[in-house]
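Colleague: I am new to this structure and should be grateful for a close look at a single part of it, namely the side of one domain that touches the other. Please set that part in the context of the whole chain.

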Amino acid sequence: MGLLQNAIYSIEVGIEDYQEGEDKRNVSAVRNVYAGILLLLKEKLVRLSPEYDPDLLIKKRLIPQKNKAGDVEFIGAGKTTVNLKEIEVRFKNLGVSVDWSRLYEISRLRNELEHYYTDKSPGLVRETLAKSFLIIRDFLTNELDESPVSIIDRDLWPAFLEIEEVFFAEEKVCKESFKGFNWKYETINQAVKHAKCYFCESSLVQLIEHEPYDDKPAGKPLFKEFLTKMQCNSCGEPIDYWPDFFEKCVEELLYTDSYIAATEGGIPPYDSCPECGKNTFIFEEGCCVACDYKPEHEGCARCSNHIGLDEQDLNGLCSYCANLAEKIRRE
Ligand SMILES: [Zn+2]
Ligand SMILES: [Zn+2]
Ligand SMILES: [Zn+2]
């Protein structure tokens, strides 16, 4: 069987697992569909590989060698094949497009389900599958020139569609519940569009009751005074601990930026707030969007260098100058 057939087979087995409706088959549904996606991506690498070695681009290690004619060509060394991260790099270099933030989200959801599956997880399984199907459909059509409807088993196709339909209808209700949401900080207004349940990772978070910020007297805008009720429609838990909810949304919104900062260098978009400890200190806003904390000191009183978040308790000095002052005091 070729890679493409293997990929489709894996996806179909996943849909069948899901149709069984049993808890233990649910995890394997996600596992199989995810494996299917990886195979689809590898199929693209095979199609892009040179004629002399169709497996070349799926090999992790590529080494240059001279062929009989004396020309330099790459050969794939060893048996190890590329992982998701390496596929991403190759695709970017070769102009193949994939919705990476969605794919990494699926990968995180899959991990979540592998490790923390509970009786409240079936909703999250459907969500992970629905999001996976979007990727599968797009990639088959746009990158592999295959028609999903004719390549996937006719008997399973309706199930494929239903999983998508049910989830995206639910998601729409949730997204619309946040319409008109107006919090003091723009980062949060953007971040709630990426709302996620901090119990189960589902994006089916619905705002049940909401009093807009504008109706409240200015001065002390605390989130809990304005938002009364939210719930996760996947695991059913009420979401009422705002700092955790904000943190989750911010991490989702800025996931790509902080990922790039961490892997390619640069300033991360947010940091841990010294006041509330949540990852909600947004540099662009100059404050913590969850608890309103603003840094007391900007520049060092002695050398006027910038004072970081972790240096705020040094009486207005940067850590270098604070050390120096401490040394002088001891002498
Ligand atoms: Zn949940
Ligand atoms: Zn804070
Ligand atoms: Zn200083």
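Modeller: The model is a predicted one, and the part in question is best approached from the chain as a whole. The protein chain holds twelve helices and seven strands. Its radius of gyration is 25 Å, whereas the globule rule gives 20 Å for 331 residues; the chain is therefore more spread out than a compact globule. Along the principal axes, the C-alpha atoms fill a box of roughly 75 × 60 × 30 Å. Buried residues make up 31% of the 331 in the chain. If one considers the contacts between residues at least 6 apart in sequence, 52% of them join residues at least 24 apart.

The chain is divided into two domains: domain 1 covers residues 3-173, and domain 2 covers residues 178-294. The centres of domain 1 and domain 2, taken over C-alpha atoms, are separated by 31 Å. Where the domains meet, eleven residues of domain 1 are in contact with twelve residues of domain 2. On the side of domain 1 that touches domain 2, at least two residues each are supplied by α4 (100-116), α5 (122-143) and α7 (157-177). In character, the residues of this side comprise five charged, three polar and three nonpolar ones.

Domain 2, on the other side of this meeting, spans residues 178-294, and a small piece of strand structure may be followed by residue number. Three strands, in the order β5-β6-β7, form an open sheet with antiparallel pairing. Its edge strands are β5 (270-271) and β7 (287-288), each of which pairs on one side only. Strand β6 (residues 281-282) runs antiparallel to β7, and two bridges join them. Within this pairing, F281 stands opposite C288 in β7.

Beyond the sheet, one further residue may serve as a landmark. D313 is found in the loop between β7 and α12 (319-330). This residue counts as exposed because it has 9 C-beta neighbours inside 10 Å, the cut-off for that class being 12 or fewer. From D313 to K92 the separation is 221 residues in sequence and 44 Å in space, C-alpha to C-alpha.

To return to the part requested, the side of domain 1 that touches domain 2 draws on helices α4, α5 and α7 for at least two residues each, and its residues include five that are charged.

Notes. Residues are numbered from 1 along each chain as its sequence is written. Chains are lettered from A and ligands numbered from 1 in the order in which they are written. This is a predicted model: local features need pLDDT of at least 70, side-chain atom pairs count only at pLDDT 80 or more; totals for chains, interfaces and linings use all residues. Helices (H or I, at least four residues) and strands (E, at least two) are DSSP runs, numbered from the N terminus. The radius of gyration is taken over C-alpha atoms; the globule rule is 2.2 Å times the number of residues to the power 0.38. A residue is buried if 20 or more other C-beta atoms lie within 10 Å of its own, exposed if 12 or fewer, and partly exposed in between; C-beta atoms are placed from the backbone. Two residues are in contact if their C-beta atoms, placed from the backbone, lie within 7 Å. Two strands pair if DSSP finds at least two bridges between them. Domain bounds come from an automatic or database domain assignment. Ala, Val, Leu, Ile, Met, Phe, Trp, Tyr, Cys and Pro count as nonpolar, Asp, Glu, Lys and Arg as charged, and the others, Gly among them, as polar.
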